[in-house]
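I opened the model today and kept short notes on what I looked up. The entries follow the order in which I went through them.

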Amino acid sequence: MSTLSFSNAALDVLAIAAHRDDVEQTCGGTLLKMAQRGRRTGILDLTQGEMGTRGTAEDRAREAEEAARILRVSWRQALDIPDGRVENTFENRLKVARVIREQRPRVVILPYWKGRHPDHYTASMLGYEACFLAGLAKLDFRLARATSAANSAEESVSLRAGRHQDSRQDAGATKLPPHRPFKIIYATLYYDVRPTFVVDITELFETRFQALMAYKSQFSDQEAGKDLFPAQAEIRARIEAMARFYGLLGGVTYAEPFLQKEVGLVEDLTLIPVKSI
Ligand SMILES: [Zn+2]
């Protein structure tokens with residue numbers, strides 16, 4: 001488990017995603033912007049990337065730490081949910097709920113709830129339900145063991161060693177006070193849906209791109225044995241086109257798209273941003 005942590009103060013913003021490098025692609029600029037404004041930011045990756053075609057989970061752990069450093073993230077951790085098999089089970093919801101209680105984020109960024117990759121849209125629902133669970137005063141983290149007991153005998157044997165360790169963690173988590181984030185927003189970059197707002201990342205685009213390029217095992221091997229630049233130039237063009245598109249919607253150069261389920265609340269009509277005509 002990879003952990004990058006400088007203090008145990010509550011997080012202002014926690015981004016949750018299925019895979020290492022998802023956050024860098026969908027909302028890394030926004031996290032960096034928050035950090036530059038003095039906010040404490042964090043990233044929870046649900047999986048460790050062991051199914052990736054290129055590189056190992058260990059490579060990706062090192063790269064994720066480097067990307068977090070570039071994005072000035074205060075806390076990052078990867079759970080042990082199997083890559084390619086993110087399922088919205090009670091046990092997985094408890095794993096995420098435990099992190100919500102430990103890190104006490106005010107804002108949680110989830111992936112949008114539709115998409116091509118099942119891990120992405122499942123992570124969205126799993127994350128939402130975990131935020132709900134984390135706020136239940138009577139939530140008993142030891143229930144995870146009861147759920148596990150319903151698994152097949154074969155699976156129980158293979159999990160037994162890990163479960164002893166889990167049950168100690170569960171006991172600790174139960175003592176953590178309930179916490180529910182104030183705000184949940186959805187990063188929509190992976191899906192063609194109109195965002196409800198965008199965040200201006202014009203000044204941060206280059207640094208966000210460097211954070212993504214920290215995943216050398218993913219992006220440097222594109223054309224093994226050949227010059228790296230054509231592959232990187234293609235990735236950059238694609239990422240820049242997306243950021244420019246969402247920037248246009250907000251009247252800026254580069255932006256990242258988000259969706260909130262709630263309506264916007266306005267105090268002063270003269271301060272609403274984004275020009276109409
Ligand atoms: Zn992904």
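These entries go from the whole chain to the metal site, the cores and a few single residues.

Entry 1, overall. I noted at the start that this is a predicted model. I looked up the secondary structure of the chain and found 10 helices and eight strands. The chain has 277 residues, and 47% of them are buried. I then took the contacts between residues at least 6 apart in sequence; 84% of these join residues at least 24 apart. The exposed area of the chain is about 14,700 Å², with 54% of it supplied by carbon and sulfur atoms.

Entry 2, zinc. Which protein atoms are the donors of the zinc ion? I found His 19 through ND1, Asp 22 through OD, listed twice, and His 120 through NE2. These donors lie 2.1 to 2.6 Å from the zinc ion. Along the chain, their spacing reads H-x2-D-x97-H. The pair Asp 22 and His 120 links distant parts of the chain, being 98 residues apart. Asp 22 sits in helix H1 (residues 22–26), while His 120 belongs to helix H5 (residues 118–134). I checked burial for these two, and both Asp 22 and His 120 are buried. For the geometry, I looked at the angles among the four donor atoms, which run from 54 to 127 degrees. The site is irregular, because a tetrahedral one would need all angles between 85 and 135 degrees.

Entry 3, Gln 25. I stayed in helix H1, where Gln 25 is found. Is Gln 25 buried or exposed? Its relative accessible area is 19%, so Gln 25 counts as buried, the cut-off being under 20%. Leaving out residues up to four places away in sequence, Gln 25 touches Leu 189, Tyr 190, Arg 208 and Leu 212.

Entry 4, helix H2. I listed the buried residues of helix H2 (residues 28–36) and got Gly 28, Gly 29, Thr 30, Leu 31, Leu 32 and Ala 35. After H2 comes Gly 38, with a positive phi near 90 degrees. I followed Leu 31 further. Beyond four places in sequence, Leu 31 touches Val 13, Ala 15, Val 23, Thr 41, Gly 42, Ile 43, Leu 71, Val 73 and Ile 109.

Entry 5, cores. The largest nonpolar core has 34 residues. Val 23, Cys 27, Leu 31, Ile 109 and Phe 258 have the most contacts inside this core. Among the elements that give it two or more residues are strand S2 (13–17), H2, helix H3 (57–70) and strand S5 (107–111). Helix H8 (205–213) is also one of them, and the largest share, five residues, comes from H8. I also found a second, separate core of 30 residues, which includes Leu 14, Val 96, Val 99 and Cys 131.

Entry 6, cysteines. How many disulfides does the structure hold? I found zero. I looked up two cysteines from the cores as well. Cys 27 is buried, with a relative accessible area of 2%, and Cys 131 is buried at 1% relative accessibility.

Entry 7, Arg 93. I ended on helix H4 (residues 90–103), where Arg 93 is found. Arg 93 counts as buried because its relative accessible area is 17%. Apart from neighbours within four places in sequence, Arg 93 is in contact with Asn 88, Leu 126, Glu 129, Ala 130 and Leu 133.

Notes:
Residues numbered from 1 in each chain as written. Predicted model: local features only at pLDDT ≥ 70, side-chain atom pairs only at ≥ 80, totals over all residues. Heavy atoms only, no water. Buried < 20%, exposed > 50% of the residue type's maximum accessible area, 1.4 Å probe, protein only. Contact = heavy atoms within 4.5 Å. Areas by Shrake-Rupley, 256 points an atom, 1.4 Å probe, with all protein chains shown as cover. Donors = N, O, S within 2.8 Å, 3.2 Å for Na, K, Ca; no water. Tetrahedral: all angles 85-135°; square planar, octahedral: opposite > 155°, others 65-115°. Disulfide = S-S within 2.5 Å. Core = buried A, V, L, I, M, F, W, Y, C linked by side-chain atoms within 4.5 Å.
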